[in-house]
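Me: I would like to go through this model and check the reasoning behind each label. Please keep it brisk.

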Amino acid sequence: RAKKDGRNAYRFFTSEMQAQSARALQLENALRRAQERNQLSLHYQPQFALDAQGESHIVGAEALLRWNHPELGWVSPAEFIPIAESSGLILPIGEWVLREALSQLRRWDAAGLPELTMAVNLSAVQFRHDDLPELVGRVLEEVGMPAERLELELTEGAAMDNPAVAITVMNELHARGVQLSIDDFGTGYSSLSYLKKFRVSKLKIDQSFVRDLTDDAEDRAIVDAVIRMASALGLETLAEGVETEGQLAFLRRQGCQSVQGYLFSRPLPAEAFAQFVLARTIPISAY
Ligand code: C2E
Ligand code: MG
Ligand code: MG
Ligand code: MG
């Protein structure tokens with residue numbers, strides 16, 4: 001009996017798995033051609049610095065990858081990034097993201113936007129790849145952008161996967177002048193003792209702690225502790241996923257330096273981003 005149940009359970013499990021892996025395989029095949037077929041694009045979400053006067057200023061953009069497939073429609077990065085990672089496609093795609101984001105930054109400079117930094121997400125697979133610092137240096141030079149304008153976002157998982165290697169790669173990137181931040185901070189398992197060894201300048205507080213900030217005392221305690229610890233270590237903090245004035249007020253009060261979220265803007269196509277920035281930075285008298 002047990003054997004029979006077991007077999008049924010097994011069969012059910014495999015059909016679930018088959019459906020999942022069929023979709024994954026379909027996506028992987030489609031992703032292989034996505035780049036050459038111009039289905040990939042970047043959206044940009046503005047990042048704001050909070051000042052002591054209670055104002056906010058656009059200081060940067062985060063590049064977020066978008067995939068629009070003719071039949072499948074928009075596929076979420078949460079679904080296709082893991083597939084790009086397991087198939088190795090993240091290497092050519094990640095290189096394209098880096099080049100495209102920095103080229104866009106140059107076009108914005110030429111269009112008269114204020115000097116922004118460009119934050120680019122890095123996968124653990126790219127981070128582990130031998131020639132990452134060299135690749136980054138080459139792309140910066142090719143595009144003609146100083147290294148200081150680039151910020152690479154790394155998750156805790158990517159850094160903690162092999163801390164010794166992470167420290168070496170971070171040192172090399174730092175030596176080239178590139179800034180580094182830890183993305184989704186608080187959701188991984190970074191040992192706090194490593195934070196002082198990692199060459200990062202910023203912690204991005206994960207949106208899961210920001211979401212319920214106004215009604216959850218524990219989330220408030222965590223966010224407060226992260227900001228204090230970061231400040232004691234000489235690190236900046238940026239809160240992700242800020243959607244309400246209440247969240248913003250708390251973050252400002254606790255001394256969080258910068259924010260990003262739907263309260264200010266969703267990620268936007270390049271042209272809309274430029275319009276958004278120009279509308280906010282050109283004084284009214286200039287119109
Ligand atoms: P992430 O780097 O932590 O990016 C933040 C995500 O939160 C983005 O989702 C963004 O659209 C979303 N977001 C921003 N503000 C708000 C808000 O106020 N409320 C809510 N609910 N969400 C907000 P997205 O674009 O779907 O990207 C998801 C993840 O996919 C990213 O998380 C990042 O880990 C990964 N990803 C995106 N682009 C790239 C890329 O070029 N390379 C790599 N390796 N990963 C990428
Ligand atoms: Mg990010
Ligand atoms: Mg994040
Ligand atoms: Mg994330």
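Me: Where does ligand 1 sit?

Reply: This is a predicted model. In it, ligand 1 sits in the largest pocket. That label requires more than half of its atoms to lie within 2 Å of the pocket's grid points. The shell around ligand 1 draws two or more residues each from strand S2 (56–69), helix H2 (77–87) and S6. S2 gives the largest share, four residues.

Me: What makes Asn 121 a polar contact of ligand 1?

Reply: A polar side-chain atom of Asn 121 lies 2.8 Å from an oxygen atom of ligand 1. The cut-off is 3.5 Å, so the pair counts. Glu 240 also has a polar side-chain atom 3.2 Å from an oxygen atom of ligand 1. The protein buries 81% of the 800 Å² that ligand 1 exposes when taken alone.

Me: Why are Asp 183 and Glu 240 called donors of the magnesium ion (ligand 3)?

Reply: The protein donors, from Asp 183, Asp 184 and Glu 240, lie 2.0 to 2.3 Å from the ion. The limit is 2.8 Å, so they qualify. Asp 183 is in strand S6 (residues 179–185), and Glu 240 is in the loop between strand S8 (236–239) and helix H11 (245–254), 57 residues apart.

Me: Which residue coordinates both magnesium ions, ligand 3 and ligand 2?

Reply: Asp 183 does, and the two ions are 4.1 Å apart.

Me: How do you know whether Asp 183 is buried or exposed?

Reply: Its relative accessible area is 7%. Buried means under 20%, so Asp 183 is buried. Glu 240, at 8%, is buried by that cut-off too.

Methods: Residues are numbered from 1 along each chain as its sequence is written. Chains are lettered from A and ligands numbered from 1 in the order in which they are written. This is a predicted model: local features need pLDDT of at least 70, side-chain atom pairs count only at pLDDT 80 or more; totals for chains, interfaces and linings use all residues. Side-chain values use heavy atoms; hydrogens and water are left out. Donors are N, O and S atoms within 2.8 Å of the metal (3.2 Å for Na, K and Ca); water is not among the atoms, so sites may look incomplete. Buried means under 20% relative accessible area, exposed over 50%, partly exposed in between (1.4 Å probe, protein chains only). A polar contact is a pair of N or O atoms within 3.5 Å; within protein, one must be able to donate a hydrogen and the other to accept it, and residues adjacent in sequence count only if both atoms are side-chain atoms. Accessible areas come from the Shrake-Rupley method with a 1.4 Å probe; for residues, only the protein chains shown count as cover. On a 1 Å grid over the protein atoms alone, a cavity is a set of points where a 1.4 Å probe fits but cannot get out, and a pocket is an open set with protein on both sides within 12 Å along at least five of seven lines; lining residues have an atom within 4 Å of a point.
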